[in-house]
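Please find below my notes on the model, set out as numbered points for you to follow alongside the coordinates.

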Amino acid sequence: MKKRVKHIAVAQFGKMLAAIYFVISLPILAIVLLAFLTGLDMPSIGVGVVVMVAVAYIVIGYLSGMLSAWIYNVVAARLGGIEYTVNEIASPAK
């Protein structure tokens, strides 16, 4: 059975991408903050800068997600969207 994605909710897609970027940034942020706490010789940047970069990464993820969804919607309106095929799976008997 063929399906077609004709529209993507812009704000929701932005939130999803921001959440994904947040999850990706957590381990990196943890490693950098751990290096600060252990006193490793780090460049002369503060913890605040590291946190601000992580927040900026999330905001950029949100904005780029919204832009991507909006562009997709504009193009899909003209070309019809992405087609994909799905198989229905029978649910197990209860």
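1. The expected span of a helix is taken as 1.5 Å times one less than its number of residues. The model is a predicted one, and in it helix H1 covers residues 10–38, so that its 29 residues should span 42 Å. The C-alpha atoms at the two ends of H1 are 42 Å apart, which agrees with that expectation.

2. The agreement in span should be read together with a bend in the helix, since H1 turns by about 30° at Ser25. A proline, Pro27, follows Ser25 within four residues. Just after H1, the backbone at Gly39 takes a positive phi of about 80°.

3. Which residues of H1 are buried? They are Gly14, Leu17, Ala18, Ser25, Leu29 and Ala35. As background to the spacing of such a list, an α-helix has 3.6 residues a turn, so residues three or four places apart point the same way. Among what covers the buried residues of H1 is helix H2, which runs over 47–79.

4. Gly14, which is found in helix H1, deserves a separate remark. Because its relative accessibility is 0%, and buried means under 20%, Gly14 counts as buried. Leaving aside residues up to four places away in sequence, Gly14 touches Gly61, Tyr62, Gly65 and Met66. Gly14 and Ser68 are 54 residues apart in sequence, yet their C-alpha atoms are 8.5 Å apart in space.

5. Ser25, also placed in helix H1, is the residue at which the bend of about 30° was noted. With a relative accessible area of 8%, set against the cut-off of under 20%, Ser25 is therefore buried. When residues up to four places away in sequence are not counted, Ser25 touches Tyr57 and Ile58.

6. What lines the largest pocket? The lining is made up of Ser25, Ile28, Leu29, Val32, Val50, Val53, Ala54 and Tyr57. The elements that give two or more residues to this lining are H1 and H2. Ser25 and Leu29, both in the lining, also appear in the list of buried residues of H1, and Tyr57, another lining residue, is one of the residues that Ser25 touches.

7. On the character of the largest pocket, about 150 Å³ of space lies in it. By class, its lining has 7 nonpolar residues and 1 polar residue, with no charged residues.

Terms used:
Residues numbered from 1 in each chain as written. Predicted model: local features only at pLDDT ≥ 70, side-chain atom pairs only at ≥ 80, totals over all residues. Heavy atoms only, no water. Bend = angle between axes of the 7 residues up to and from the residue. Buried < 20%, exposed > 50% of the residue type's maximum accessible area, 1.4 Å probe, protein only. Contact = heavy atoms within 4.5 Å. 1 Å grid on protein atoms, 1.4 Å probe; cavity = no way out; pocket = protein on both sides within 12 Å on 5 of 7 lines; lining within 4 Å. Points joined across faces, edges and corners; volume = space filled by probe spheres on them. Nonpolar A, V, L, I, M, F, W, Y, C, P; charged D, E, K, R; others polar.
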